Amino acid sequence: MIDATLLPGDGIGPEITDAVVDILDHLGAPFKWDTQLAGLAAIDRDGDPLPQETLDSIKRTGLALKGPLTTPIGGGFKSINVRLRQEFELFANVRPAKTLVPGGRFEGVDLVIMRENLEGLYAVEERFEARGDDPKAVAYSSGYNTRVECRRIAEFAFDYAVRHNRKRVTIVHKANILKALSGLFLEESQAVAKEYEGRVEVDDRIVDACAMQLAMNPEQFDILVTTNLFGDILSDLAAGITGGLGLAPGANIGEDAAIFEAVHGSAPDIAGQGKANPCALLMASALMLDHVDQTDLATKLREAIQATLLSGKENLTGDLGGTGMTRDISAAIKDNLSA
Ligand code: NAD
């Protein structure tokens with residue numbers, strides 16, 4: 001058995017983690033869960049959204065499956081997702097986007113977005129400046145990128161390309177405007193690309209052009225490597241063109257720990273109603289199985305999810321165009337695992 005931390009999370013988190021753990025048990029996944037609190041439930045219990053017990057558990061297991069966590073907007077505590085990435089130096093955010101159901105807008109999309117996870121416009125110092133009687137007349141925000149982290153995420157992306165038989169890495173930047181912040185990322189990524197010459201092809205795109213090409217012809221992309229905020233935005237775009245947020249998984253990878261999660265948030269609008277789609281967190285658990293070298297189980301799980309998506313709308317949740325509840329889609333996936 002492999003020790004792993006389970007963070008059910010906020011909103012729909014507990015409903016979808018229950019469903020996922022049940023399906024993983026059915027699959028025979030070898031995880032021994034240590035369930036811990038983070039987010040709003042942890043504030044209710046301890047007054048702290050990220051208790052020491054939770055941090056200690058992840059430190060011990062080095063492996064976690066995390067439900068979505070609510071982040072207050074425009075004030076309140078700092079995002080727990082961001083704190084976890086920084087605490088465990090989870091420098092790479094890996095977000096695959098693949099066409100699972102034929103007949104949608106695009107066939108054959110199979111790309112992976114590698115997002116730098118620690119710096120950029122997520123590591124900001126912010127302040128307001130008063131003018132006249134308006135204390136918030138001007139808003140300032142300044143982020144940073146370091147050469148070391150730009151190199152680390154670029155090396156991770158090129159190394160991933162080699163290990164997964166991928167052909168090309170596209171470096172996504174805005175170095176024409178953010179000449180320092182994004183320019184350094186482009187410069188260092190191109191230096192890394194040279195070390196992989198002959199093994200992995202490379203090109204680069206300005207982020208706005210890349211967004212348009214992703215929306216029009218996403219099949220052209222293989223691996224995209226980019227900075228924190230651009231990666232956040234483009235990976236939601238990529239999720240949208242391959243079936244929506246309800247299917248998109250993400251992995252946060254560091255040297256000593258890895259945390260797997262759905263790309264979507266805590267969906268407070270449908271929390272507690274039994275309507276949430278567990279597939280994105282389930283696809284994240286497939287990435288987690290890959291990570292611990294259980295690729296056969298990961299493949300079996302992905303095939304059961306895909307078979308369920310292809311078997312008609314009846315059991316699918318509302319976000320996938322169906323009328324089913326969380327329990328219906330979960331039961332169908334378990335049936336397909338047994339088939
Ligand atoms: P969201 O992803 O929670 O919801 C967007 C829309 O998608 C909603 O209509 C929601 O009902 C729907 N949706 C999302 N996941 C679904 C699922 N599994 N099944 C069915 N429908 C689903 O985005 P939001 O409303 O902008 O954010 C809500 C909260 O989640 C915020 O506090 C935000 O900060 C947080 N958030 C957390 C994470 C994370 O933990 N990694 C990621 C994104 C947002």
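Between domain 1 and domain 2 of this predicted model, seven residue pairs are in polar contact, both partners having a pLDDT of 80 or more. On the side of domain 1 that touches domain 2, the elements giving two or more residues are α4 (80–87) and β11 (249–253), and α4 supplies the largest share, three residues. By character, the residues on that side of domain 1 divide into nine nonpolar, four polar and three charged. The count of salt bridges between the two domains is two, and Glu 255 forms a salt bridge with Arg 152 in which the closest N and O atoms are 3.2 Å apart.

The division underlying this description assigns residues 1–91 and 243–339 to domain 1 and residues 102–242 to domain 2, with the C-alpha centres of the two domains lying 24 Å apart. Contact between the domains involves 16 residues of domain 1 and 15 residues of domain 2, and together the domains bury about 1,300 Å² between them, of which 56% is on carbon and sulfur atoms. Of the area that domain 1 buries against domain 2, 44% is supplied by Arg 85, Phe 91 and Gly 243, more than by any other three residues.

A further position considered here is Thr 317, which is placed in the loop between α10 (295–310) and α11 (326–338). Thr 317 has a relative accessible area of 0% and is therefore buried. When its neighbours within four places in sequence are left aside, Thr 317 is in contact with Lys 275, Ala 276 and Asn 277, as well as with Gly 322, Gly 324, Met 325, Thr 326 and Ile 329.

Technical notes. Residues numbered from 1 in each chain as written. Predicted model: local features only at pLDDT ≥ 70, side-chain atom pairs only at ≥ 80, totals over all residues. Heavy atoms only, no water. Helix = DSSP H or I, 4+ residues; strand = E, 2+ residues; numbered from the N terminus. Buried < 20%, exposed > 50% of the residue type's maximum accessible area, 1.4 Å probe, protein only. Contact = heavy atoms within 4.5 Å. Domains from an automatic or database assignment. Buried area = accessible area lost by both parts, 1.4 Å probe. Salt bridge = Lys/Arg side-chain N within 4 Å of Asp/Glu carboxyl O. Polar contact = N/O pair within 3.5 Å; in protein donor to acceptor, adjacent residues only side chain to side chain. Nonpolar A, V, L, I, M, F, W, Y, C, P; charged D, E, K, R; others polar.
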